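Look over the sequence and the model below before reading on. The paragraphs after it go from the whole chain to single residues.

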Amino acid sequence: MMPQVRTFAQIRSEFLEFFRQKDHAIVPSAPMIPWGDSSILFINAGMNQFKDVFLGTGTRPYTRAADSQKCLRVSGKHNDLEEVGHDTYHHTFFEMLGNWSFGDYFKDEAIAWAWELLHERWKLPADRLYATVHEGDAVLGLKADDEAARLWRRHLPADQVLYGSTKDNFWMMGETGPCGPCSEIHIDLRSDDERARIAGSECVNQADPLVIELWNLVFIQFNAIGDNKLERLTACHVDTGMGLERLTAILQGKTSTYDTDIFDRLMCRIAELTPLEGVWGYDDLHADLDAERIRVAMRVVADHIRAIVFAIADGAVPGNVGQGYVIRRILRRAVRYGYTCLAFKEPFLCQLVKAVVDQYGPHYPDLCDQADRIIGNVKGEEAAFLKTLGKGLELYDVAADWVEMFADGNGLDSAARQRMAKDAQMMDLLRKAYPDSGAPVDLFARDAGLGKVPGAIAFLLHDTYGFPVDLTQLIARERGNSVDMERYEALMTEQRKRARKAATFDLVPQVIAADAPSTDATQFVGYEDKIIEDAQVLAVVNEERICAIILDRTPFYAESGGQVGDMGELVVGGETISVLDTQVSDSCILHIVNRLPDSLEGLVIARIDEGRRHRIAKHHTATHLMHAALREVLGSGVAQKGSLVAPGHLRFDFNHYQRVSPAELKHIQDRVNEMVQRNIEAEIEERVPYAEALSRGATALFGEKYGDYVRVVTFDEKFSVELCGGTHVQATGELGLFLLQSEGSVAAGVRRVEAVTGKDALAVVVRQHDELEGVRGQFKGGQHSLEETVADLLETNRALQKQVERLQRERLAARLDILIQNARNEGHVRLVTGSVEGVGMDALRVLGQSLRDRMGKSSVSVLGTADLAAGKAYLVAAVSDDLVCNKVHAGRFVRQLAQRIGGGGGGRPELATAGGRQPEKLGQALDAAGEVLRELMRQAA
């Protein structure tokens, strides 16, 4: 319809410049992570960053604003993640163009400017544009928005101004709060013939993909107070939103957003990277390929990589909860499509990051600054999931073959039962999926007879093998099946109950009231006092697993924020009671004791273990210093994911995409010790307004709930400023020394460091010194330093190891030569079989690949190795490319052979492995290779 004269970047720029000329402040996009707003996981609309203005809790130094807001939607109307890519216009990540008025202009200007931009500047034809306004709502006590309709009729014929229901034309922030009627602008992109046949007015809001909403103008003029009651606001606001992707498609004359220049660069890069032959571009595919399947995969990958890049740049990291779970799910969905439809077997999304950064960097420069971190995060997550994906797909295929066999509900005949009993891999799956049943085959046949993948199988793949259930559902749908989600959810519920039951103890005990005043909270006075003598007992807990005393006030710090609870003693009625731990339940502090006193009368002396508290405080301060140093060295994207502050050590989990190098660790340790040597005094401020603390750069933990006022702990305002309720030293010099002890991975994208400080660090130094002296004593009389002597020993050992490896390679190469000489013909196929002694699975796989390379076309190779002492045997099968194209699958081949050694396996069509627990039958499995190969070739024919 419209000539392609503008790039998407020009369209964004023209929108912002238009409103700049209308005296709007052009504000930057807010991060997609809504810091300080726990009601949503991601920014999903342009108005989110102005929510406080609409609620009356915040202000801005301007009354007019415009921006392009980064948004992410993966749920809600028309935004099911599993549907993205299957159509040509929905997305997870998108940019929302918007303009706002805060008590300034209203309907007249908003409508006039929308018309001016769309029709007069961008030349969208008037006969294809429609405007909707609110028709009124008797329940809400609202009349029709005739004012907006009248304003639109200045620009459009009356039959192109339509009245819509509250569902489509009334916006509410929630059940209560600011709200108002909205006016949507729709465009009819159908052909002239189709428009002549059916009027566009009949297609608006009727789910026609070519008659679509373009711009929504919301007029906020009411406040919802509940029970369908509205009150008029004293100041009215305007909130508009228009998707850049959809607008770009319209202005570039495209019916699909994926055909615009927004996705051109990504589609070309995907085509360049895919190992799949015949993919030269999104619209340039070999005729023999399944074009729609490939294009769906390319759309999924191109859409999802944008969401991944922007989310990680704004602070989200793939994980198991909250935003991390959403990003992990998006990333894994993209990997899954790339793996199964585009032949990617190695990390590939990380290679697309640069294309996104290059395209969006001019408008979002922070992407350029964080490109390396984003690439590292994506690559690490991809690599980890590809390992899971391969195994999960293999196991799913094993189960799905049997599911399809029993989907007719006929159950198992004796022949089928015998075949299943020989499938060791399937039997192993069934025993794990139905662990409490003596007849897992019967249960599986019953469940599969429902025409669905059994919930027990889906649960096993998720719980044991880490295979996401949404991927199981997706694969099942592609094969014409579904998953029994009711049973899956039931098993998940049972698992959660078991996990809760296994917890150390439940801090919701029955509280037996003592003869003391009742209160809702315990006052904590432990920042100032380490001992008090005038506490009173409010209540006690006396259960089989826990005894606890609740006081009206206490110096004991209850475990929170990673800091362990205090220990010490209570003197109650003349008895000294040991406090073993301190926990919190609701607003009460529970002093966990070894026993309850005989009497609860009188005042209580509460005395903490001050030495232990001071060691904890040192490690808590060290945690803050280390957190700041981590952000300095590794980047500001580092965020805490968990911590432990104990008297003898600290543990700190944080998001990072790769191992922290020794040089980086040394830099971090040196930086902390530098701050220790400076002896910086702690600045601790109570009751700082939350917004003020954030504006000063204080580090807040996402997911933590903060009140209106917070406690701020600072060690040099340019280094470490954190919101924290824990205990700390008065100055950093009290730490004395800080030592990092270890660094490692605890989950995909999450690293853990452990460290010690104070006397605990000194003890480490003394122990290491003693160990070093002991080693030095073993080399007395040497000509060289200890370091040189150890280096010489290591070099000698490496040389000997290389010699052993060379002899091993020569032996194995000679063995392969013999096997190739003894190759036999199975029809037109050359078959090599044989056993290799003294190698493991990894070496066997390398030999299988080497044999495949040497044998060339029309060849199949099978190698095996047995470890009688360990009771294990391994197999590898390799198939040449021409036979793979003719449906000879190495995974199915090796799986059938593995049944003869009491095991199972699978893998790629060209190379697959298997294992079993009957090594004495390896010879029988190798002898059967010819028979199995002939059967597979017969089936392929």
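What follows is a walk through the fold, the charges, the cysteines and a few individual residues.

This is a predicted model, in which local features need pLDDT of at least 70, side-chain atom pairs count only at pLDDT 80 or more, and totals for chains, interfaces and linings use all residues. Residues are numbered from 1 along each chain as its sequence is written, and side-chain values use heavy atoms, with hydrogens and water left out.

The chain has 29 helices and 34 strands. Helices (H or I, at least four residues) and strands (E, at least two) are DSSP runs, numbered from the N terminus. The C-alpha trace spans about 95 × 90 × 65 Å along its principal axes. Of the 941 residues, 51% are buried. Here buried means under 20% relative accessible area, exposed means over 50%, and partly exposed is in between (1.4 Å probe, protein chains only). The chain exposes about 43,800 Å², and carbon and sulfur atoms supply 48% of that area. Accessible areas come from the Shrake-Rupley method with a 1.4 Å probe; for residues, only the protein chains shown count as cover. Among contacts with a separation of 6 or more, 69% are between residues 24 or more positions apart. A contact means heavy atoms within 4.5 Å.

One element that can be examined for burial is helix H17, residues 455-463, which is mostly covered, with 7 of its 9 residues buried. The buried residues of H17 are Gly 455, Ala 456, Ile 457, Ala 458, Phe 459, Leu 460 and Leu 461. A single buried position in a strand is Ile 187, which lies in S7 (residues 177-188). Ile 187 has a relative accessible area of 0%. Leaving aside residues up to four places away in sequence, Ile 187 touches Leu 124, Arg 128, Leu 129, Leu 210, Val 211, Ile 212 and Ile 250. The C-alpha atoms of Ile 187 and Pro 125 are separated by 9.1 Å, although the two residues are 62 residues apart along the chain.

Next come the charges. The chain carries 107 positive and 135 negative charges, and their mean positions are 5 Å apart. In this count Lys and Arg are positive and Asp and Glu negative, while His and the chain ends are not counted. The place of a charge is taken as NZ of Lys, CZ of Arg, CG of Asp or CD of Glu. Side chains of opposite charge can pair when their charged atoms come close. A salt bridge is a side-chain nitrogen of Lys or Arg within 4 Å of a carboxyl oxygen of Asp or Glu, and by this rule there are 49 salt bridges. A network of salt bridges links Asp 127, Arg 128, Asp 188, Arg 190, Asp 192 and Arg 195.

Three individual pairs can be followed in the model. Arg 299 and Glu 292 form a salt bridge at 3.1 Å, N to O. Arg 299 is buried at 2% relative accessible area, whereas Glu 292 is partly exposed at 44%. In the second pair, Glu 686 and Arg 711 meet at 3.0 Å, N to O. Glu 686 belongs to strand S24 (residues 683-689) and Arg 711 to strand S25 (residues 709-715), so this salt bridge ties together parts that are 25 residues apart in sequence. Glu 686 is partly exposed at 44%, and Arg 711 is buried at 10%. In the third pair, Arg 934 and Glu 826 meet at 2.8 Å, N to O. This pair links distant parts of the chain, with Arg 934 in helix H29 (residues 929-940) and Glu 826 in strand S29 (residues 824-826), 108 residues apart. Arg 934 is partly exposed at 45%, while Glu 826 is buried at 11%.

Two residues in this part of the chain have backbone angles to check. Arg 687, in strand S24, has phi near 55°, a positive value in a residue other than glycine. Arg 687 is exposed, at 60% relative accessibility. Asp 716 lies in the loop between S25 and strand S26 (720-723), and its phi is near 70°, again positive in a residue other than glycine. Asp 716 is buried at 17%.

That leaves the cysteines. A disulfide is a covalent bond between the sulfur atoms of two cysteines. Counted as a pair of cysteine sulfur atoms within 2.5 Å, disulfides number 0 in the structure. Why does Cys 547 not bond to Cys 588? The sulfur of Cys 588 is the closest cysteine sulfur to that of Cys 547, but at 17 Å it is too far for a bond. Cys 547 is buried at 18% relative accessibility, and Cys 588 is buried at 19%.
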